[in-house]
Amino acid sequence: MAREMLGIDIGGSGIKGAPVDLSGGAFARERFRIDTPRPAKPKAVAKVIAEIVDHFGWDGPVGVTYPGVVIDGVAMSAANVSRHWLGVDAAALFADVTGRPVTLLNDADAAGIAEMRLGAGRDRPGTVVLLTLGTGIGSALFTDGVLVPNTEFGHIQIGGKDAELRASAKARTEHDLGWAKWARRLSEYMAHLEALISPSLIIVGGGVSRKSEHFLPLIEGVRAEIVPARLVNNAGIVGAAMAAAAAHPAETARPAAPEVRASGATGGQQREPGTAEAAR
């Protein structure tokens with residue numbers, strides 16, 4: 001019998017979720033998506049989270065991603081969302097509106113967990129970084145398979161500005177950049193990042209990774225191997241489900257792979273603070 005957990009990914013344009021077959025990372029049911037509210041304030045987003053849970057008739061724990069720093073279920077940054085999120089115990093808010101235990105983690109960290117377990121980072125030792133290119137640039141950093149959470153490398157300063165303002169997928173479309181010009185900006189950013197953390201592997205995720213053949217071969221001046229994410233834009237949902245399953249092992253069958261832990265809140269239960277881990 002398949003072990004399933006519901007994962008929900010909060011994005012800049014849409015909030016999407018699906019029950020995930022934990023044995024392989026495939027969606028057990030078709031993904032369900034609702035446009036992100038405008039403005040995307042906490043209560044409005046929480047209502048959408050509840051709609052997705054109700055859509056699937058889900059009665060167990062839920063994993064949810066947040067596009068920013070998350071510490072013990074609390075949103076600690078809001079670079080690409082409403083400032084109303086700052087200091088909000090989002091995990092407790094979502095648990096309250098859904099009536100389900102909720103594990104909350106950074107969106108790029110969730111994607112990284114999935115890619116390290118099932119995707120391009122599987123069985124890769126050393127320093128690995130996943131970059132999600134979307135509205136901003138999210139990042140997930142791993143050393144020998146262990147996640148260092150909330151890195152937020154998209155906010156590295158290059159030329160006095162956050163790197164994501166020049167090199168995100170949103171920046172490419174807003175500035176009408178061709179693939180070659182955008183690749184030059186990505187090259188500058190990745191070379192700068194490489195000088196700081198010396199990764200052996202850079203995984204490029206986000207929806208634009210579906211078109212990786214147009215820009216990855218054009219990146220220059222970076223020593224690390226650069227590969228597209230295998231789970232593409234589904235990695236956030238999959239990683240969120242994995243984190244929830246790890247936080248609530250009694251709600252699923254015994255895991256066949258090493259545990260993934262993520263900080264979050266579990267409704268009225270005790271939180272599980274600490275770092276998150278991804279199996280290699």
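Which residue in strand 2 stands opposite leucine 6? In this model, which is a predicted one, the residue that stands opposite leucine 6 is proline 19, and I would like to start from that pair and work outwards. The two strands concerned, strand 1 and strand 2 (residues 14-21), run antiparallel and are joined by 7 bridges. As a reminder, strands of a sheet pair through backbone hydrogen bonds, either parallel or antiparallel.

Strands 1 and 2 belong to an open sheet of 5 strands, in the order 3-2-1-4-7, and the pairing in this sheet is mixed. At its edges we find strand 3 (32-35) and strand 7, each of which pairs on one side only. If direction is ignored, neighbouring strands of the sheet are turned against each other by 20 degrees on average.

Helix 2 packs on this sheet, where it touches strand 1, strand 4 and strand 7, and the direction of helix 2 makes about 145 degrees with that of strand 7. Helix 3 (residues 107-118) also packs on the sheet, touching strand 1, strand 4 and strand 7, but in the case of helix 3 the angle with the direction of strand 7 is about 95 degrees.

Let me stay with helix 2, which spans residues 90-98, and whose buried residues are Ala90, Ala91, Leu93, Phe94, Ala95 and Thr98. These buried residues pack against strand 1 (4-10), helix 1, strand 4 (62-66), strand 6 (74-75) and strand 7 (102-106). Just after helix 2 comes glycine 99, which takes a positive phi of about 70 degrees.

What does the contact with helix 1 look like from the other side? Valine 45 sits in helix 1, which covers residues 42-55, and since its relative accessible area is 1%, valine 45 counts as buried. If we set aside neighbours within four places in sequence, the residues in contact with valine 45 are Ile10, Ile15, Pro37, Ala40, Trp85 and Phe94. For the last of these, phenylalanine 94, the C-alpha atom is separated by 8.9 Å from that of valine 45, although the two residues are 49 apart along the chain.

Turning to the chain as a whole, the secondary structure comes to 7 helices and 14 strands. Of the 280 residues, 56% count as buried, and among contacts between residues at least 6 apart in sequence, 64% join residues at least 24 apart. The accessible surface comes to about 11,900 Å², and 49% of that belongs to carbon and sulfur atoms.

Finally, a word on empty space, beginning with the largest pocket, whose volume is about 880 Å³. This pocket is lined by 46 residues, and those nearest its centre are Gly11, Gly12, Asp107, Gly134 and Thr135. Among the elements that each supply at least two residues of the lining are strand 1, strand 2, strand 8 (127-133) and helix 7 (235-247), while the largest share, 4 residues, comes from helix 3.

As for enclosed space, the search of the whole structure finds 1 cavity of 30 Å³ or more, and about 30 Å³ of space lies in the largest cavity. Its lining consists of Ile158, Ala163, Arg166, Ala167, Arg185, Glu188 and Tyr189, with helix 4 (164-167) and helix 6 (179-197) as the elements that give two or more residues. Helix 6 gives the most to that lining, with 3 residues.

Terms used. Residues numbered from 1 in each chain as written. Predicted model: local features only at pLDDT ≥ 70, side-chain atom pairs only at ≥ 80, totals over all residues. Heavy atoms only, no water. Buried < 20%, exposed > 50% of the residue type's maximum accessible area, 1.4 Å probe, protein only. Contact = heavy atoms within 4.5 Å. Pairing = 2+ DSSP bridges. Axes fitted to C-alpha atoms, helices over the stretch in contact; angles between N-to-C directions. Areas by Shrake-Rupley, 256 points an atom, 1.4 Å probe, with all protein chains shown as cover. 1 Å grid on protein atoms, 1.4 Å probe; cavity = no way out; pocket = protein on both sides within 12 Å on 5 of 7 lines; lining within 4 Å. Points joined across faces, edges and corners; volume = space filled by probe spheres on them.
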